[in-house]
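This briefing sets out selected structural features for a reader at the bench. The points are grouped by topic and follow the display.

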Amino acid sequence: MSLGQTLRNRRDATPSPDPVAEGAGAPAPSRRGRPPVRKLSLRTRLRRDGALLLMVLPAVALLVVFAYVPMLGNVIAWQSYSPYTGFVDSPFVGWANFVRVFSNPLFLDAVQNTLVITAFQLVFFFPVPIVLALLLNSIVTPRVRTTIQSIVYLPHFFSWVLVVTVFQQIFGGAGLINQTLREAGLGSGFDLMTNPDTFLVLLTMQSVWKDAGWGIIIFLAALSTVPPEQYEAAAVDGANRWRRMWHVTLPALRPVIILLLILRLGDALTVGFEQLILQRGAVGADVAEVIDTYVYYQGVIYGDWSFAAAAGLVKGVVSLLLVLGANKLAHVFGESGVYRKS
Amino acid sequence: MNTTTTTRRVGDVPVRRRSFLGMVAAGAAVAGVPSLLTACGSGGAGTATTPGATASADVLPTYVPVDYVEPDYPSVNGSTPGYETIPTELVQSVPEAPGSGTTFTAMTPLWGTIPPTKGNQYYEAVNGLLGSTIEFQITDGNTYGDKLATVLASARDVPDWVTVPTWNIPPRFGSEIVPNLFQDLSDHLGGDKAKDYPNLANIPTDVWRFCTFNGRLYGLPFPGEVITDAIFYRKDVLDELGITPDVQDGQDLLDLAKELTGGNRWGAEDLWNTAAIIHAVPPRWKLDGDKLVHRVETEEYRAALEWNAALFASGAVHPDAVADQAGDAKTRFQSGQSLIMNDGVGAWHEALRDNLGSNPAYWQQPFAPFAADGGTPVLWKGQPANIFSFLKKTDDEDRIRELLALANVLAAPFGTTEFDVVNNGVEGVHYTRGADGLPVPTPLAATELQPTYVFLVSPPLANTRVQYPGYVQTSSEWQQQAAEYLTEPLFYAQQIVEPAQYAAIGQPFVDLEKDISRGRKSMKDLDQAVETWRASGGEELRSFYQEILDAQ
């Protein structure tokens with residue numbers, strides 16, 4: 001969360017116990033209940049925010065150097081580019097690379113695989129950290145809680161190579177499960193790692209094991225901000241456990257959930273390059289080729305940089321539109337989303 | 001991705017098993033690939049390229065062989081000669097150090113631990129022989145391609161001497177990189193001029209031909225084996241099981257792999273390369289009448305796929321290999337979890353080095369060559385070099401001459417002092433002579449004596465690994481036998497610069513080979529892929545090669 005986000009939350013926190021009820025009826029949710037701000041001169045604003053701006057400067061500089069300047073390189077998507085000829089001398093070819101991207105059946109397959117994986121994970125991976133956070137939050141003994149927390153965080157620090165190897169050692173044809181089955185005389189056909197039909201499940205299992213624990217951090221932080229008085233008040237009013245969760249806990253989590261959903265949508269076309277390229281050979285390109293791996297093979301392996309850049313750019317633009325759209329949608333529902341014009 | 005992770009010792013050389021066949025299959029070929037721009041002949045960057053140009057005789061160095069030691073197992077048809085003993089009297093082939101005390105930078109890969117630069121007595125010894133200093137920029141061999149592609153894209157960062165493994169050749173290499181960045185050596189080594197550098201003149205002509213790009217000589221070679229691959233089995237384990245394999249055709253091998261499978265042991269690794277070898281699948285093109293046929297269109301290719309699919313279907317392939325974890329294949333094979341494996345011939349002595357210590361009975365043995373149908377086998381001759389090096393382009397003639405003189409020292413063959421120092425280091429420091437006269441490496445050798453100079457240029461191959469009992473004899477005899485069946489593929493030893501737009505059309509076949517082998521796709525999918533290949537540039541590629549063929 002950015003600094004601005006935190007500040008805004010603090011500002012919003014005081015007077016609105018139920019933002020939805022208030023926001024839903026309001027025609028322009030962005031202006032909910034605030035007095036109109038007088039336009040200050042640039043100089044005054046600079047003087048007021050000078051220190052903050054100064055603090056932001058290093059981060060902005062890094063962003064410019066490592067994110068915005070390299071973005072200029074996207075110009076090669078309209079060129080027939082070769083690094084040995086350079087940006088300047090490579091000829092411009094108009095939209096030819098984009099035409100090739102969209103007329104290429106392999107690219108469309110990759111897009112389809114990407115979307116299927118995203119949709120599946122949205123349903124079966126995204127809610128897991130929320131549930132975990134709620135469960136953890138209900139554990140009262142701090143010692144037990146931190147122990148469990150550490151255990152579920154840990155896999156996040158493993159590299160994908162390791163995760164895939166561990167899964168191969170357990171679920172592979174020569175792995176633990178199959179060995180046990182064979183020794184028990186129950187057949188030896190079990191091999192989850194090379195079955196294209198169950199690949200989606202496998203991918204999601206790996207993601208959950210590796211990252212669900214890490215994902216609960218933000219939710220736990222949000223849960224810790226719920227004032228205990230609200231639970232007490234609800235309890236006094238006779239609300240049972242479930243009603244307390246429904247009416248107190250979940251509303252408190254909602255802004256965070258929506259924020260993460262929007263961010264997730266922005267990443268909808270990014271489904272784990274390493275995880276997939278490591279297992280592409282095991283299940284075949286038909287189910288495991290996604291946009292990122294496709295761009296890698298075209299650009300890096302086959303040296304068709306311009307084509308790969310065009311494909312990557314299409315992905316980037318679609319992702320941006322998804323974030324903007326989701327953010328807009330969040331505003332419509334009265335949430336603050338990722339950002340908001342003040 | 002290809003990985004070779006074993007630590008290497010004295011004079012060991014990485015032979016990348018899958019890389020050669022893999023690259024050819026990918027259609028990326030060993031050739032560089034020009035951009036549309038230069039292919040259209042605008043030649044803006046001063047690179048008039050002639051894709052299929054063959055090097056004329058005055059470009060190639062005149063071959064003047066020198067023999068310091070008679071091999072015990074002479075070369076047959078290009079097979080590597082074998083030596084049972086190391087000569088006690090060594091010859092210094094270049095009596096005076098030719099260098100002028102200059103410091104040159106060189107970039108080389110290394111599959112091992114990077115040696116210290118300061119106070120390295122091995123470097124000091126070799127630089128002493130050279131008379132100039134070579135300062136190495138060493139990069140992990142497994143990621144060398146990434147570094148190379150980056151360095152080559154930025155001319156300022158190119159060192160004086162650059163090693164380029166054939167499997168790391170980036171696209172557009174021959175057309176754009178070589179002429180723009182590297183020194184044309186034709187006028188220094190072509191024809192009789194090579195006689196100024198006798199150790200370089202000792203390298204056979206085919207090897208040099210492979211170092212030419214667009215009709216000019218650019219590369220300095222690290223000569224390669226004519227027989228690149230072997231189908232190994234764990235003879236020690238099979239002996240224990242009381243099985244003496246008698247493999248005469250493809251079916252025999254399938255049966256053997258099946259028979260060996262049981263419990264926590266599997267018969268084989270992924271034998272796709274084996275399938276290609278026993279079915280004589282051509283590396284790139286073959287001639288059918290007077291028409292060029294690409295490897296993916298051949299009956300041999302289909303038959304090889306069907307054979308490999310049958311192997312997978314029989315359940316004899318180790319499940320981790322089914323999951324395409326090729327990087328660990330060697331570990332599985334050497335630990336006995338799988339018993340048949342395709343590998344490069346160089347892997348044989350490496351395996352002995354890595355395993356004899358812990359398992360003195362360890363022995364892997366290649367099957368005698370056989371054809372899938374039981375007929376006479378056809379083995380395609382391996383390209384004459386696996387690795388080359390290039391000198392950075394310069395107008396300073398003296399600098400080029402000096403670097404070539406240094407190369408001449410490094411290319412000194414077996415039986416010379418130079419070869420001995422480059423490969424074994426300094427006596428008393430890096431090795432001691434054992435009772436039988438064999439060099440025994442000291443602990444210091446492991447840290448200092450990593451292969452570095454050998455990647456810049458090397459003499460013709462010699463099998464001198466006398467330290468493994470029986471190895472020189474068995475491997476030399478096997479090679480001599482296999483060499484009988486050697487056939488030169490079309491366009492042998494030629495660097496052909498393919499146009500860039502054809503680089504990716506071979507991609508589907510790499511996936512398809514895996515998919516069909518694992519039963520995920522059928523031969524119908526192959527038919528369709530071949531149709532797509534023809535339509536998306538295959539026919540043009542055929543005409544492109546046909547023109548080169550007609551011009552020869």
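In this predicted model, helix α16 of chain A, residues 291–301, has as its buried residues A:Ile291, A:Asp292, A:Thr293, A:Tyr294, A:Val295, A:Tyr297 and A:Gln298. The elements covering these buried residues include α6 (105–124), α14 (273–283) and α17 (305–332) of chain A, together with α20 of chain B. Just after α16(A), A:Gly303 adopts a positive phi of about 65 degrees.

**Contact between chains A and B**

- The contact brings together 31 residues of chain B and 25 residues of chain A.
- On the side of chain B that touches chain A, at least two residues each come from α2 (36–39), α5 (173–181), α13 (319–322) and α20 (507–517) of chain B.
- The most is given by α20(B), which supplies four residues to that side; α20 of chain B is also among the elements that cover the buried residues of α16(A).
- Sorted by class, the side of chain B that touches chain A comprises 15 nonpolar, seven polar and nine charged residues.

**Domains of chain B**

- Chain B is divided into domain 1, made up of 28–225 + 383–487, and domain 2, covering 229–380.
- Between the C-alpha centres of domain 1 and domain 2 of chain B the distance is 30 Å.
- Domain 1 of chain B contributes 12 residues to the contact, and domain 2 of chain B contributes 14 residues.
- Both α19 (471–483) and β17 (486–487) of chain B supply at least two residues of the side of domain 1 that touches domain 2.
- With five residues, α19(B) gives the most to this side of domain 1 of chain B.
- The side of domain 1 of chain B that touches domain 2 of chain B has seven nonpolar, three polar and two charged residues.

**Five-stranded sheet of chain B**

- Five strands of chain B form an open sheet with mixed pairing, in the order β2-β1-β3-β14-β6.
- Its edge strands are β2 (133–140) and β6 (220–223) of chain B, each of which pairs on one side only.
- On average, neighbouring strands of this sheet are turned by 20 degrees against each other, direction ignored.
- Strands β1 (residues 103–110) and β3 (residues 161–165) of chain B run parallel and are joined by two bridges; B:Met107 stands opposite B:Val162 in β3(B).
- At the β6 edge, β6(B) runs antiparallel to β14 (residues 385–391) of chain B, and four bridges join the two strands.
- The bridge partner of B:Leu220 in β14(B) is B:Ser389.
- From β6(B), B:Leu220 and B:Phe222 point one way, whereas B:Pro221 and B:Pro223 point the other way; all are buried.

**Four-stranded sheet of chain B**

- A further open sheet of chain B has four strands in the order β8-β11-β7-β12, again with mixed pairing.
- Strands β8 (266–268) and β12 (364–366) of chain B are its edges, each pairing on one side only.
- Neighbouring strands here are turned against each other by 30 degrees on average, direction ignored.
- Two bridges join β8(B) to β11 (residues 338–344) of chain B, and these strands run parallel.
- B:Ala268 has B:Ile340 as its bridge partner in β11(B).

**Nonpolar cores**

- The largest nonpolar core has 113 residues, of which A:Ala311, B:Ala257 and B:Leu311 touch the most other members.
- Helix α17(A) gives the most to this core, with 10 residues; α17 of chain A is also among the elements covering the buried residues of α16(A).
- Leaving aside residues up to four places away in sequence, B:Ala257 touches B:Gly267, B:Ala268, B:Leu311, B:Ser314, B:Ala316 and B:Ile340. Among these, B:Ala268 and B:Ile340 are the bridge partners linking β8(B) and β11(B).
- Apart from the largest core lies another, of 76 residues, among them B:Val162, B:Val178, B:Ile203 and B:Val457. B:Val162 is the residue of β3(B) that stands opposite B:Met107.

**An exposed loop residue**

- B:Pro65 lies in the loop between α2 and β1 of chain B.
- Is B:Pro65 buried or exposed? B:Pro65 counts as exposed because 10 other C-beta atoms lie within 10 Å, and the limit for an exposed residue is 12 or fewer.
- Although 135 residues separate them along the chain, the C-alpha atoms of B:Pro65 and B:Leu200 are 9.5 Å apart.

Technical notes:
Residues numbered from 1 in each chain as written. Chains lettered and ligands numbered in written order. Predicted model: local features only at pLDDT ≥ 70, side-chain atom pairs only at ≥ 80, totals over all residues. Pairing = 2+ DSSP bridges. Axes fitted to C-alpha atoms, helices over the stretch in contact; angles between N-to-C directions. Contact = placed C-beta atoms within 7 Å. Nonpolar A, V, L, I, M, F, W, Y, C, P; charged D, E, K, R; others polar. Buried ≥ 20, exposed ≤ 12 C-beta atoms within 10 Å, placed from the backbone. Domains from an automatic or database assignment. Core = buried A, V, L, I, M, F, W, Y, C linked by C-beta atoms within 7 Å.
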